[in-house]
Amino acid sequence: MLVISDACKPTTTAFKHNNLEIVWAEITCKLGKILIGCFYRPPNAPMLYTQNFLNAMEEVLDNSHHYKAIILLGDFNIRHQRQYLVNNFEHLIFDSMDSLDFVQMVNFHTRIANNTVEGNTLDLIFSNRPELFNIEQIEGLGKSDHVGVKFNMNVKLTGFRKLPNRSKFLYSKLNPNLLHEELESADWNSCLVVNDVDTSWKNFRDMLLKVFNKIVPKGKGSVKKRPPWISQEVVRLSRKKKRAYKKAKSKPENVNLWDRYKVIRNNVKYMCKKSYYEYVKQLATNSKDQKPFWAFVNAKRHKCFPTSFKFDNITTDDPSLIANKF
(Lines give C-alpha, C1' and ligand atoms only; values in the text may rest on other atoms or scores of the structure.)
Protein backbone atom coordinates (compact mmCIF):
# COMPACT_ATOMS: atom_id res chain seq x y z
CA MET A 1 0.00 0.00 0.00
CA LEU A 2 1.23 3.49 -0.89
CA VAL A 3 -0.36 6.32 1.10
CA ILE A 4 0.32 9.95 0.05
CA SER A 5 -1.22 13.07 1.57
CA ASP A 6 -3.86 14.86 -0.49
CA ALA A 7 -1.84 18.04 0.05
CA CYS A 8 0.83 16.58 -2.28
CA LYS A 9 -1.77 16.21 -5.05
CA PRO A 10 -0.70 12.68 -6.07
CA THR A 11 -1.90 11.12 -9.32
CA THR A 12 -2.02 7.53 -10.49
CA THR A 13 0.11 6.31 -13.38
CA ALA A 14 -0.51 4.26 -16.48
CA PHE A 15 1.71 1.45 -15.16
CA LYS A 16 -0.36 -1.70 -14.60
CA HIS A 17 1.47 -4.76 -13.32
CA ASN A 18 -1.24 -7.26 -12.44
CA ASN A 19 1.15 -10.11 -11.62
CA LEU A 20 3.14 -8.11 -9.05
CA GLU A 21 2.54 -6.56 -5.65
CA ILE A 22 3.62 -3.12 -6.80
CA VAL A 23 1.90 0.28 -7.00
CA TRP A 24 2.98 3.58 -8.57
CA ALA A 25 2.06 7.23 -8.09
CA GLU A 26 3.28 10.61 -9.29
CA ILE A 27 3.78 13.88 -7.44
CA THR A 28 4.86 17.20 -8.92
CA CYS A 29 7.39 19.50 -7.28
CA LYS A 30 9.55 22.43 -8.37
CA LEU A 31 12.14 19.91 -9.53
CA GLY A 32 9.55 18.35 -11.86
CA LYS A 33 7.58 15.09 -11.85
CA ILE A 34 8.62 12.40 -9.36
CA LEU A 35 7.62 8.75 -9.73
CA ILE A 36 7.17 6.80 -6.49
CA GLY A 37 6.75 3.04 -6.38
CA CYS A 38 6.11 0.59 -3.54
CA PHE A 39 7.03 -3.08 -4.08
CA TYR A 40 6.79 -6.33 -2.13
CA ARG A 41 8.59 -9.53 -3.07
CA PRO A 42 7.53 -12.64 -1.07
CA PRO A 43 10.48 -14.53 0.49
CA ASN A 44 9.95 -17.67 -1.59
CA ALA A 45 8.77 -16.00 -4.78
CA PRO A 46 9.33 -18.12 -7.93
CA MET A 47 11.60 -17.01 -10.74
CA LEU A 48 8.54 -16.01 -12.77
CA TYR A 49 7.76 -13.36 -10.16
CA THR A 50 11.26 -11.92 -10.54
CA GLN A 51 10.90 -11.96 -14.31
CA ASN A 52 7.62 -10.05 -14.06
CA PHE A 53 9.41 -7.49 -11.90
CA LEU A 54 12.20 -7.13 -14.47
CA ASN A 55 9.60 -6.56 -17.20
CA ALA A 56 7.98 -3.88 -15.06
CA MET A 57 11.34 -2.16 -14.62
CA GLU A 58 11.84 -2.24 -18.39
CA GLU A 59 8.58 -0.32 -18.79
CA VAL A 60 9.69 2.20 -16.17
CA LEU A 61 13.04 2.57 -17.96
CA ASP A 62 11.29 3.30 -21.26
CA ASN A 63 9.34 6.12 -19.56
CA SER A 64 12.07 7.39 -17.22
CA HIS A 65 12.67 10.51 -19.37
CA HIS A 66 9.33 11.87 -18.13
CA TYR A 67 10.56 12.06 -14.51
CA LYS A 68 13.17 14.14 -12.74
CA ALA A 69 13.45 11.51 -10.02
CA ILE A 70 12.27 7.93 -9.49
CA ILE A 71 11.92 6.21 -6.11
CA LEU A 72 11.23 2.53 -5.55
CA LEU A 73 10.88 1.30 -1.98
CA GLY A 74 9.54 -1.74 -0.20
CA ASP A 75 10.28 -5.16 1.25
CA PHE A 76 12.42 -6.85 -1.42
CA ASN A 77 13.55 -9.83 0.69
CA ILE A 78 16.99 -9.70 -0.93
CA ARG A 79 20.39 -8.60 0.36
CA HIS A 80 20.96 -4.86 0.36
CA GLN A 81 24.32 -4.57 -1.43
CA ARG A 82 25.72 -6.25 -4.52
CA GLN A 83 28.80 -7.60 -2.73
CA TYR A 84 26.53 -9.67 -0.46
CA LEU A 85 24.38 -11.20 -3.21
CA VAL A 86 24.24 -14.99 -3.48
CA ASN A 87 21.30 -16.02 -5.64
CA ASN A 88 20.91 -15.43 -9.34
CA PHE A 89 17.58 -13.58 -9.03
CA GLU A 90 19.23 -11.08 -6.65
CA HIS A 91 21.84 -10.24 -9.28
CA LEU A 92 19.10 -9.85 -11.88
CA ILE A 93 17.22 -7.38 -9.70
CA PHE A 94 20.34 -5.32 -9.05
CA ASP A 95 21.20 -5.38 -12.77
CA SER A 96 17.74 -3.96 -13.42
CA MET A 97 18.32 -1.24 -10.82
CA ASP A 98 21.67 -0.39 -12.41
CA SER A 99 19.99 0.11 -15.79
CA LEU A 100 17.95 2.90 -14.17
CA ASP A 101 21.06 4.33 -12.42
CA PHE A 102 19.42 3.45 -9.11
CA VAL A 103 21.35 3.55 -5.83
CA GLN A 104 20.26 1.52 -2.79
CA MET A 105 20.36 3.82 0.26
CA VAL A 106 19.39 1.73 3.33
CA ASN A 107 22.52 0.54 5.15
CA PHE A 108 21.17 -0.71 8.49
CA HIS A 109 19.33 -3.87 9.54
CA THR A 110 15.58 -3.56 9.02
CA ARG A 111 14.60 -6.92 10.47
CA ILE A 112 16.06 -8.37 13.69
CA ALA A 113 15.59 -12.04 14.45
CA ASN A 114 13.93 -12.86 17.77
CA ASN A 115 16.26 -12.94 20.79
CA THR A 116 19.34 -12.19 18.68
CA VAL A 117 21.45 -9.17 17.75
CA GLU A 118 21.82 -10.28 14.14
CA GLY A 119 19.57 -8.97 11.44
CA ASN A 120 18.95 -8.53 7.73
CA THR A 121 18.43 -5.50 5.53
CA LEU A 122 15.30 -6.44 3.59
CA ASP A 123 13.45 -3.11 3.31
CA LEU A 124 15.22 -1.13 0.63
CA ILE A 125 14.96 2.31 -1.01
CA PHE A 126 16.27 2.72 -4.56
CA SER A 127 16.49 6.05 -6.39
CA ASN A 128 18.29 7.64 -9.29
CA ARG A 129 18.65 10.85 -7.23
CA PRO A 130 20.23 9.68 -3.94
CA GLU A 131 21.58 13.16 -3.20
CA LEU A 132 18.02 14.29 -2.40
CA PHE A 133 17.56 11.86 0.49
CA ASN A 134 18.36 11.55 4.18
CA ILE A 135 17.66 8.04 5.50
CA GLU A 136 17.21 7.13 9.16
CA GLN A 137 15.95 4.26 11.27
CA ILE A 138 12.87 4.66 13.44
CA GLU A 139 10.85 2.37 15.70
CA GLY A 140 8.72 -0.23 13.97
CA LEU A 141 4.94 -0.11 13.87
CA GLY A 142 2.96 -2.20 16.35
CA LYS A 143 4.29 -5.72 16.81
CA SER A 144 6.12 -5.87 13.49
CA ASP A 145 9.58 -7.48 13.54
CA HIS A 146 10.72 -4.88 10.99
CA VAL A 147 12.04 -1.49 12.04
CA GLY A 148 10.74 1.64 10.35
CA VAL A 149 12.71 3.37 7.61
CA LYS A 150 12.20 7.13 7.44
CA PHE A 151 13.54 9.40 4.74
CA ASN A 152 13.42 13.11 4.04
CA MET A 153 13.43 14.23 0.41
CA ASN A 154 14.86 17.68 -0.23
CA VAL A 155 12.29 18.99 -2.72
CA LYS A 156 9.60 21.68 -2.65
CA LEU A 157 6.08 20.95 -3.81
CA THR A 158 4.36 23.18 -6.32
CA GLY A 159 0.96 24.58 -5.47
CA PHE A 160 1.14 23.08 -1.98
CA ARG A 161 -2.13 23.77 -0.26
CA LYS A 162 -2.64 23.72 3.45
CA LEU A 163 -5.57 21.52 4.34
CA PRO A 164 -8.33 23.44 6.14
CA ASN A 165 -9.32 22.65 9.70
CA ARG A 166 -11.93 19.95 9.54
CA SER A 167 -14.36 18.55 12.05
CA LYS A 168 -13.22 15.46 13.90
CA PHE A 169 -14.90 12.50 15.52
CA LEU A 170 -15.37 12.82 19.29
CA TYR A 171 -14.78 9.22 20.32
CA SER A 172 -14.98 10.12 24.02
CA LYS A 173 -18.71 10.85 23.53
CA LEU A 174 -19.35 7.72 21.47
CA ASN A 175 -21.96 5.14 22.37
CA PRO A 176 -20.02 1.93 21.58
CA ASN A 177 -23.06 -0.36 21.74
CA LEU A 178 -24.86 1.73 19.17
CA LEU A 179 -21.79 1.69 16.91
CA HIS A 180 -21.48 -2.12 17.18
CA GLU A 181 -25.11 -2.56 16.24
CA GLU A 182 -24.75 -0.33 13.20
CA LEU A 183 -21.56 -2.08 12.06
CA GLU A 184 -23.15 -5.51 12.41
CA SER A 185 -26.23 -4.50 10.43
CA ALA A 186 -24.22 -3.02 7.53
CA ASP A 187 -24.06 -5.07 4.30
CA TRP A 188 -20.29 -5.39 3.95
CA ASN A 189 -20.50 -8.02 1.20
CA SER A 190 -21.97 -5.41 -1.12
CA CYS A 191 -18.65 -3.54 -0.97
CA LEU A 192 -16.70 -6.30 -2.70
CA VAL A 193 -16.12 -6.13 -6.43
CA VAL A 194 -14.42 -9.14 -8.00
CA ASN A 195 -10.93 -8.43 -9.40
CA ASP A 196 -11.13 -4.73 -8.51
CA VAL A 197 -9.43 -4.04 -5.20
CA ASP A 198 -9.50 -0.23 -5.69
CA THR A 199 -13.29 -0.09 -6.08
CA SER A 200 -13.75 -2.58 -3.23
CA TRP A 201 -11.63 -0.45 -0.93
CA LYS A 202 -13.50 2.73 -1.92
CA ASN A 203 -16.87 1.05 -1.26
CA PHE A 204 -15.68 -0.24 2.13
CA ARG A 205 -14.29 3.17 3.12
CA ASP A 206 -17.46 4.99 2.07
CA MET A 207 -19.70 2.60 4.00
CA LEU A 208 -17.51 2.81 7.11
CA LEU A 209 -17.51 6.62 7.00
CA LYS A 210 -21.26 6.62 6.50
CA VAL A 211 -21.69 4.59 9.71
CA PHE A 212 -19.26 6.81 11.64
CA ASN A 213 -20.92 10.01 10.42
CA LYS A 214 -24.25 8.66 11.58
CA ILE A 215 -23.21 7.38 15.02
CA VAL A 216 -20.07 9.20 16.20
CA PRO A 217 -20.51 12.80 17.44
CA LYS A 218 -18.40 15.45 15.73
CA GLY A 219 -16.65 18.62 16.85
CA LYS A 220 -14.35 21.24 15.39
CA GLY A 221 -10.67 20.36 15.20
CA SER A 222 -8.39 22.57 17.25
CA VAL A 223 -4.84 23.61 16.44
CA LYS A 224 -2.50 23.03 19.37
CA LYS A 225 -0.21 26.00 19.89
CA ARG A 226 3.34 25.38 21.04
CA PRO A 227 6.26 27.72 21.78
CA PRO A 228 8.00 28.94 18.60
CA TRP A 229 11.32 27.35 19.58
CA ILE A 230 9.80 23.86 19.74
CA SER A 231 10.86 22.48 16.37
CA GLN A 232 9.40 19.51 14.54
CA GLU A 233 12.49 17.52 15.54
CA VAL A 234 11.75 18.16 19.22
CA VAL A 235 8.13 17.11 18.70
CA ARG A 236 9.26 13.91 17.00
CA LEU A 237 11.66 13.11 19.85
CA SER A 238 8.94 13.82 22.43
CA ARG A 239 6.64 11.32 20.75
CA LYS A 240 9.48 8.83 20.66
CA LYS A 241 10.04 9.42 24.39
CA LYS A 242 6.36 8.72 25.13
CA ARG A 243 6.48 5.48 23.16
CA ALA A 244 9.68 4.40 24.94
CA TYR A 245 8.13 5.16 28.34
CA LYS A 246 4.97 3.24 27.52
CA LYS A 247 7.04 0.26 26.36
CA ALA A 248 9.28 0.35 29.46
CA LYS A 249 6.28 0.67 31.77
CA SER A 250 4.69 -2.43 30.23
CA LYS A 251 7.83 -4.42 31.16
CA PRO A 252 9.12 -2.85 34.42
CA GLU A 253 11.68 -5.61 34.96
CA ASN A 254 13.44 -4.90 31.65
CA VAL A 255 16.40 -2.65 32.55
CA ASN A 256 17.39 -2.11 28.90
CA LEU A 257 14.02 -0.56 28.06
CA TRP A 258 14.29 1.86 30.98
CA ASP A 259 17.85 2.78 30.01
CA ARG A 260 16.68 3.47 26.47
CA TYR A 261 13.85 5.65 27.76
CA LYS A 262 16.25 7.67 29.93
CA VAL A 263 18.59 8.27 27.00
CA ILE A 264 15.72 9.53 24.82
CA ARG A 265 14.37 11.66 27.71
CA ASN A 266 17.77 13.31 28.15
CA ASN A 267 17.98 13.94 24.41
CA VAL A 268 14.59 15.67 24.52
CA LYS A 269 15.73 17.93 27.37
CA TYR A 270 18.95 18.77 25.53
CA MET A 271 17.13 19.52 22.26
CA CYS A 272 14.57 21.73 24.04
CA LYS A 273 17.30 23.83 25.66
CA LYS A 274 19.29 24.00 22.44
CA SER A 275 16.26 25.07 20.40
CA TYR A 276 15.37 27.70 23.01
CA TYR A 277 18.81 29.31 23.06
CA GLU A 278 19.05 29.23 19.27
CA TYR A 279 15.65 30.93 19.05
CA VAL A 280 16.66 33.68 21.53
CA LYS A 281 19.98 34.17 19.73
CA GLN A 282 18.19 34.52 16.41
CA LEU A 283 15.84 37.14 17.88
CA ALA A 284 18.72 39.10 19.42
CA THR A 285 20.84 39.14 16.25
CA ASN A 286 18.03 40.13 13.89
CA SER A 287 18.85 43.81 13.36
CA LYS A 288 16.29 44.33 10.59
CA ASP A 289 13.20 43.59 12.66
CA GLN A 290 13.46 44.01 16.43
CA LYS A 291 9.74 43.80 17.17
CA PRO A 292 9.78 40.00 17.81
CA PHE A 293 12.71 40.45 20.19
CA TRP A 294 11.02 43.13 22.30
CA ALA A 295 7.72 41.23 22.23
CA PHE A 296 9.62 38.25 23.67
CA VAL A 297 11.32 40.42 26.31
CA ASN A 298 8.07 42.10 27.37
CA ALA A 299 6.35 38.74 27.64
CA LYS A 300 9.14 37.58 29.92
CA ARG A 301 8.90 40.74 32.00
CA HIS A 302 5.20 40.29 32.55
CA LYS A 303 5.71 36.75 33.68
CA CYS A 304 8.89 37.12 35.72
CA PHE A 305 8.68 40.52 37.44
CA PRO A 306 5.93 41.59 39.88
CA THR A 307 4.43 45.09 39.48
CA SER A 308 4.37 45.80 43.23
CA PHE A 309 6.53 45.04 46.27
CA LYS A 310 5.87 44.89 49.97
CA PHE A 311 8.30 46.56 52.41
CA ASP A 312 7.71 46.84 56.18
CA ASN A 313 4.12 45.66 55.70
CA ILE A 314 3.53 48.47 53.16
CA THR A 315 2.76 47.59 49.53
CA THR A 316 3.96 50.01 46.84
CA ASP A 317 4.08 50.08 43.06
CA ASP A 318 6.13 53.30 42.81
CA PRO A 319 9.15 52.46 40.59
CA SER A 320 11.45 54.97 42.34
CA LEU A 321 10.68 53.61 45.82
CA ILE A 322 11.16 50.05 44.66
CA ALA A 323 14.50 50.96 43.03
CA ASN A 324 15.77 52.72 46.18
CA LYS A 325 14.93 49.72 48.34
CA PHE A 326 17.28 47.59 46.21
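Colleague: In β8, which residue is the bridge partner of Gln104?

Modeller: This is a predicted model, where local features need pLDDT of at least 70, side-chain atom pairs count only at pLDDT 80 or more, and totals for chains, interfaces and linings use all residues. Residues are numbered from 1 along each chain as its sequence is written, and side-chain values use heavy atoms, without hydrogens and water. Strands are DSSP runs of E, at least two residues, and helices are runs of H or I, at least four, numbered from the N terminus. Two bridges join β5 (residues 103-104) to β8 in the antiparallel sense, and the partner of Gln104 is Phe126.

Colleague: Over how many bridges do β4 and β8 pair?

Modeller: Strands pair if DSSP finds at least two bridges between them. Leu72 has Phe126 as its bridge partner in β8. β4 (residues 69-75) runs antiparallel to β8, and the count is five.

Colleague: Which residues of β8 are buried on the side opposite Asp123, Ile125 and Ser127?

Modeller: Buried means under 20% relative accessible area, exposed over 50%, partly exposed in between (1.4 Å probe, protein chains only). In a regular strand, side chains alternate between the two faces of the sheet. Both faces of β8 are covered, and the other side holds Leu124 and Phe126.

Colleague: How far apart in sequence are the parts that Tyr171 and Phe212 tie together?

Modeller: Rings of Phe, Tyr and Trp (its six-membered ring) pair if their centres lie within 6.5 Å; planes under 30 degrees apart are stacked, over 60 edge-to-face, the rest tilted. The search finds 19 aromatic pairs. Tyr171 and Phe212 are edge-to-face, at 6.3 Å and 75°. Tyr171 lies in the loop between β11 and α3 and Phe212 in α4, so the separation is 41 residues.
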